[in-house]
Amino acid sequence: MSFFRDISSPARSRHAIPPSGSRPAPACTLVIFGAHGDLTKRLLIPALYNLAGNGLLDPDFRILGIDRAAGGAAAWRDGLSATMQDFTRDRNAEFHAPSIDAKVWSWIADRLDYQQADFSDLEQVRALAAHLPGSAVFYLAVPSRFFGPLVETLGRAGLLREQDGHFRRVVIEKPFGSDLATAQALNRQILSVLDERQIYRIDHFLGKETVQNILAMRFGNLIFEPLWQNDHVDHVQITAAETIGVEQRGAFYEPTGALRDMVPNHLFQLFAMVAMEPPSSLSAETVRTAKEQLFESVRPIDPQDAVRGQYRAGTVDGRPVAAYRDSPGVAPDSVTETYAALKLYVDNWRWSGVPFYLRTGKSLGGRRTEIVVQFKKPPVAIFRGTETASLPPNRMILNIQPAQGLTIEMAAKRPGPAMDLAGVQVRFRYEDAFDLQPNVGYETLLYDCLAGDATLFQRADNIDAAWAAVDPVLQAWGASAQGLEFYDAGSAGPAGADALLARDGRAWYPLDGA
Ligand code: BG6
């Protein structure tokens, strides 16, 4: 049953793109390195289109695409116009709208410019200065090996210098390093030419409404927070289960694996939202410091508490799926994990003794990203001797995707003469309460970066602390196959992941639950 409605305003709120009532972000040039790349087409341009449609970009906003490919602004613009039209016919695209608003699109198209440049060439990068008279945000939509060198080149070319009241910022995508040492090295490299407040390290999970909503749930209500601690919480499960496999990304995925790809970044962001102490405000430094304190309290993970698996052939959603080892770009004897599960403890007063179980995997039997907070049983069994053998546990499930909202599982009396309890669900679903607009999840992140709000971006110490927490597992796994389990594509993952919880007398929340 869904019974939550937006009761805060008489008309249902328009929602999903930055806060209603927001003003256009200050004028600047958004310089996109990797203008012809996938990220630009699939996510950045649609997000800018959505921002423009909501009046959140300044009339003097400009977009300068940089890439190695020859061609001018007209060709880039035409290609992007065609891609936007393609999205109207592709229901599976991240951006899908029934039609493209011609007025909004021409607003964007009029502001698109393009420069062919080899961004490893100092002189070619220096030449960009002529196109950048005022404030600029450099978006590095390029493979991660270019992050450090490109930032250095921008610095040497003088493009990162802030003067006459103009800002210069750099947005860096993931993966930010591949372990603690490389992340620290990259941070050192970029901090040699940039000030921390100029750096926006993106984790796209923080662009998801439902992830930001965790803070609203926890700190905008009084009814949950008093329960949010070890007296009441039995354990927490954080799941990011995917039905897609590695598809064409084998070359990227082989040296990466599920742990690096998802855990110190996306899952740790979910973990931070659910477990950090209440910040005193939503200012960037306060929120990032609260996260830092949490990450620093994570006890180094015992490799015995980590499980890894790799999918073999199977069936997902009724279609046959080849084994990971048979995917393009993957070694036939690959030991890369496509599934990782681990248990971690937080050594602070709030969470002492409460295990957090994290799991993520590809080609699984269900697609769901969610956090399950499972509460302890009531202290007194007054229903003993009734037909209720054991009470169903109370759970609060923060549904991130594809279901978006919140589910509470609780006990209720079954109608009838006997005192018989049943487990029931109370549900809030975003689409029932709000009028959702199509959005790709990058709108808020881009807007915040243009507006200079780094709350949803990672600080250097956040990145380092998250890598430090998983580092013992990465070290233990290394390149060896020891302990690597296999699971059928379309299943719930390797048996070892079930055993990890069974050892503690617990079980994973089913991938087809809530
Ligand atoms: C990316 C990972 O960062 O996140 C992918 O590299 C993963 O492997 C993706 O599929 C998941 O993001 P989302 O938003 O689809 O849940």
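Trainee: Leaving aside its neighbours within four places in sequence, what is H266 in contact with?
Mentor: In this predicted model, and not counting residues within four places in sequence, H266 is in contact with K174, D203, H204, F205 and D261.

Trainee: Which helix is H266 found in?
Mentor: H266 belongs to helix 9, which covers residues 257-275.

Trainee: And is H266 buried or exposed?
Mentor: H266 is buried, because its relative accessible area is 2%, and the cut-off for that class is under 20%.

Trainee: What does UniProt list H266 for?
Mentor: The UniProt record, an unreviewed entry, lists H266 for "active site", and an annotation of this kind may be inferred rather than shown by experiment.

Trainee: I also want to look at K362; where is its place?
Mentor: K362 sits in the loop between strand 13, residues 356-361, and strand 14, residues 368-375. With a relative accessibility of 4%, K362 counts as buried.

Trainee: What is K362 in contact with, leaving aside its neighbours within four places in sequence?
Mentor: With those neighbours left out, K362 is in contact with E242, I244, G245, V246, R249, Y253, D261, Y311, T338 and Y487. D261 is one of the residues in that list, and D261 is also among the contacts of H266.

Trainee: Back to K174 for a second: what kind of peptide bond joins K174 and P175?
Mentor: The bond joining K174 and P175 is a cis peptide bond, with omega at about 0°. P175 is found in the loop between strand 6, residues 168-172, and helix 6, residues 180-191, and K174 is, as mentioned, one of the residues that H266 is in contact with.

Trainee: What about the peptide bond from Q401 to P402?
Mentor: The bond from Q401 to P402 is cis as well, with omega near -5°. P402 lies in the loop between strand 15, residues 395-401, and strand 16, residues 405-413.

Trainee: Switching to backbone angles, what is phi of D164 near?
Mentor: Phi of D164 is near 50°, which is a positive value in a residue other than glycine. D164 has its place in the loop between helix 5, residues 147-156, and strand 6, and at 71% relative accessibility D164 counts as exposed.

Trainee: And what is the phi of D317?
Mentor: D317 has a positive phi of about 50° although D317 is not a glycine. The place of D317 is in the loop between strand 10, residues 314-316, and strand 11, residues 319-321; with a relative accessible area of 63%, D317 is exposed.

Trainee: Now some longer-range pairs: how many residues apart in sequence are A460 and A183?
Mentor: A460 and A183 are 277 residues apart in sequence, and their C-alpha atoms are 8.7 Å apart in space. A460 is found in helix 13, residues 460-477, and counts as buried at 12% relative accessibility.

Trainee: Which residues is A460 in contact with, leaving aside its neighbours within four places in sequence?
Mentor: On that basis A460 is in contact with N187, L191, E196 and R201.

Trainee: How about M217, which helix is that in?
Mentor: M217 is found in helix 7, residues 209-219, and is buried, with a relative accessible area of 11%. Apart from residues up to four places away in sequence, M217 touches F224, L398, L406 and F428. M217 and V274 are 57 residues apart along the chain, and their C-alpha atoms are separated by 9.8 Å.

Trainee: Zooming out, how many helices and strands are there in the protein?
Mentor: The protein has 14 helices and 19 strands. Its radius of gyration is 24 Å, close to the 24 Å that the globule rule gives for 514 residues, so the protein is as compact as a globular protein of that length. Along its principal axes the C-alpha trace spans about 80 × 60 × 45 Å.

Trainee: What percentage of the residues count as buried?
Mentor: Of the 514 residues, 55% count as buried. Among contacts with a separation of 6 or more, 79% are between residues 24 or more positions apart.

Trainee: Last one, what about the area the protein exposes, and its charges?
Mentor: The protein exposes about 22100 Å², of which carbon and sulfur atoms supply 52%. There are 51 positive and 60 negative charges, and their mean positions are 3 Å apart.

Note on methods: Residues numbered from 1 in each chain as written. Predicted model: local features only at pLDDT ≥ 70, side-chain atom pairs only at ≥ 80, totals over all residues. Heavy atoms only, no water. Helix = DSSP H or I, 4+ residues; strand = E, 2+ residues; numbered from the N terminus. Rg over C-alpha atoms; globule rule 2.2 N^0.38 Å. Buried < 20%, exposed > 50% of the residue type's maximum accessible area, 1.4 Å probe, protein only. Contact = heavy atoms within 4.5 Å. Areas by Shrake-Rupley, 256 points an atom, 1.4 Å probe, with all protein chains shown as cover. Lys, Arg positive; Asp, Glu negative; His and termini not counted. Charge placed at Lys NZ, Arg CZ, Asp CG, Glu CD.
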